[in-house]
Amino acid sequence: MTCTLPVLAKTQIGSSAPARPAERQVKPRNILFIIADDMGTRLGSYGAPVQTPNIDQLAQQGVSFDRAYSQFPWCGPSRASFLTGTRPDTTRVMDLATPFRDALPDIQTLPEYFKTNGYFSGRVGKIFHQGVPSDIGTSGPDDAQSWDEVVNPRGRDKDAENGKLINLTPGIPYGSALAYLDDGGKDEEQTDGKVATAAIEMLKANKDKPFFIAVGFYRPHVPEVAPKKYFDLYRPEDIKLPAETPESLARNLPATRAWLPDNFGMTDDEQRQAIRAYFAATSFMDAQVGRVLAALKDLGLDDDTIVVFTSDHGYLLGEHGQWMKNILWEESDRVPLVIRTPEGNSAGKRSPRTVELLDLYPTLTELAGLPHYSRNEGQSLKPLIENPSDRTWKKPALSQVRGGRSVRTERWRYTEWEAGAKGRELYDHKTDPREHHNLANDPAYAAVMTELASQLPKGPVEKRPDAAKYNAVENCLILTASAAAWSKAKAHQANGEGAPGRKPGGEGGGGMKLCEAIDP
């Protein structure tokens, strides 16, 4: 049985009435920066079959960007990039462990810049990188100098790691494993529910001063834990799998795979379970966004607050046989982005222009009336907020992973792997939005490729790591150099995406296993 989620707040922003004179012009603009974790454009307002009424309502009050892209589709590198306003080749962060201040010791981060300019700067939840679920309830590798106050909620979902999670890919540690739980309890008992509660308290405590408050939700990052009522919104039999075939998967270059085998060897039913869990976690997170936006309205802060909603990167749910992120496909790179201003500029409109998360830093400083920070490498989106279809905007979006560089224009995606040594890809989104037909070897497109290649970042490119191999029979990771691989895997577990867990009825099946430890 399904039900429909309520919209938690009805906020009317952006009427054609003129702004109040003097007071509105002299009072500093607040910033409410809301970010989800691992969320692609699977929202109702982006045409997805997912119930997200609160974010959809925000989209009706602000400008939605249909072609917004992460600069590095992995949590740590992406957040280091847009929070410093610099590209990954500048931050030198290309993993989950390297601090951006190793390369940029004196840079002012986005929240720090507002703090320096007299704003209260507060963080609730995940803004800079935190391992999920390992760092939930802690600051993780935070940047302490960016904040006046931090809150690190910890909910009952953290306790679900102790034997409750259903793991569809046992042998891979939580944080990367496709694990989920339709949990009991109230919304407010989950970590994201506690994030919303703490954010509301922070808004109340700082409503009489200019603020930059960043609210970082942990879902829909795996493990996807949410109250059962959100799972009940979606029937497994209604879930549609991506339109992939053995032929389409066989055409993928080896460098385009982060994991082998395709789909982790899951059955169609298991894939539907994973997608359903992702949808449920998204709807749960949307409800928490609604609570925060309702509080903003109730506190009378709508008229003085710029609201941003976005994610750190997209997420693959079986497209090209891949899951998660850290790869240069459209579904991994593309993010939702909604910006609502007090004036209601272009309320409800959508911009088709190509933009980057990197552009958020200069956008928010300009909208707040602060001086431009000279170290920003992005471009303010203010012209597109005022005129979403501005045809003078020609900037492409650049994304990268280790060994790969990609440029996205409104029509094309062009990607080089190890500067072409491991292949090139060219996709025409006018005719091939699912990126199934690589045109890179067609001489008819040589001029297009030359033009797009000229827009890629200059400089050396790293080696492309081999795809991680998963043995779906033995439930373990296949790594070749035992000692080095074990060390690397343990470092990944400690610094990144999870801790060991269990599969119900198994013996540590949800924890990390290396195949050579099972069958040398």
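Q: With which residue does the side chain of E451 make a polar contact?

A: In this predicted model, the partner is the side chain of Q455, at 3.5 Å. E451 itself belongs to helix α14, which covers residues 446-453.

Q: Is E451 buried, partly exposed or exposed?

A: Relative accessibility is the quantity to read, and the partly exposed class lies between 20% and 50%. E451 has a value of 47%, so it counts as partly exposed.

Q: How far from Y414 does E451 lie in sequence and in space?

A: The two separations should be read side by side. Along the chain, E451 and Y414 are 37 residues apart, while their C-alpha atoms are 9.9 Å apart in space.

Q: What share of the contacts in the protein chain joins residues 24 or more positions apart?

A: Among contacts with a separation of 6 or more, 76% link residues 24 or more positions apart.

Q: How many helices and strands does the protein chain have, and what percentage of its residues is buried?

A: There are 16 helices and 21 strands. Of the 520 residues, 60% are buried. As for the surface, the protein chain exposes about 19800 Å², of which carbon and sulfur atoms supply 51%.

Q: Why is strand β6 described as largely enclosed by the rest of the structure?

A: The burial of individual residues gives the reason. Strand β6 spans residues 179-183, and 4 of its 5 residues are buried, so the rest of the structure largely encloses this strand.

Q: Which strands pair with β6, and in what sense, parallel or antiparallel?

A: Both the direction and the bridges should be read for each pair. Strand β5 (residues 166-167) runs antiparallel to β6 and is joined to it by 2 bridges; here I166 stands opposite Y180. Strand β8 (residues 224-227) pairs with β6 in the parallel sense over 4 bridges, and D182 of β6 stands opposite A226 in β8.

Q: How are side chains arranged along a regular strand?

A: In a regular strand, successive side chains alternate between the two faces of the sheet.

Q: In what order do the strands of the open sheet containing β20 stand, and which of them are at the edges?

A: The order is β9-β20-β21, three strands with mixed pairing. The edges are β9 (259-260) and β21 (476-478); each has a single partner strand, so one side of each is left without a neighbour in the sheet. Between β9 and β20 (residues 468-471) the pairing is parallel, over 2 bridges, and W259 stands opposite A468 in β20.

Key: Residues are numbered from 1 along each chain as its sequence is written. This is a predicted model: local features need pLDDT of at least 70, side-chain atom pairs count only at pLDDT 80 or more; totals for chains, interfaces and linings use all residues. Side-chain values use heavy atoms; hydrogens and water are left out. Buried means under 20% relative accessible area, exposed over 50%, partly exposed in between (1.4 Å probe, protein chains only). Two strands pair if DSSP finds at least two bridges between them. Contact means heavy atoms within 4.5 Å. Accessible areas come from the Shrake-Rupley method with a 1.4 Å probe; for residues, only the protein chains shown count as cover. A polar contact is a pair of N or O atoms within 3.5 Å; within protein, one must be able to donate a hydrogen and the other to accept it, and residues adjacent in sequence count only if both atoms are side-chain atoms.
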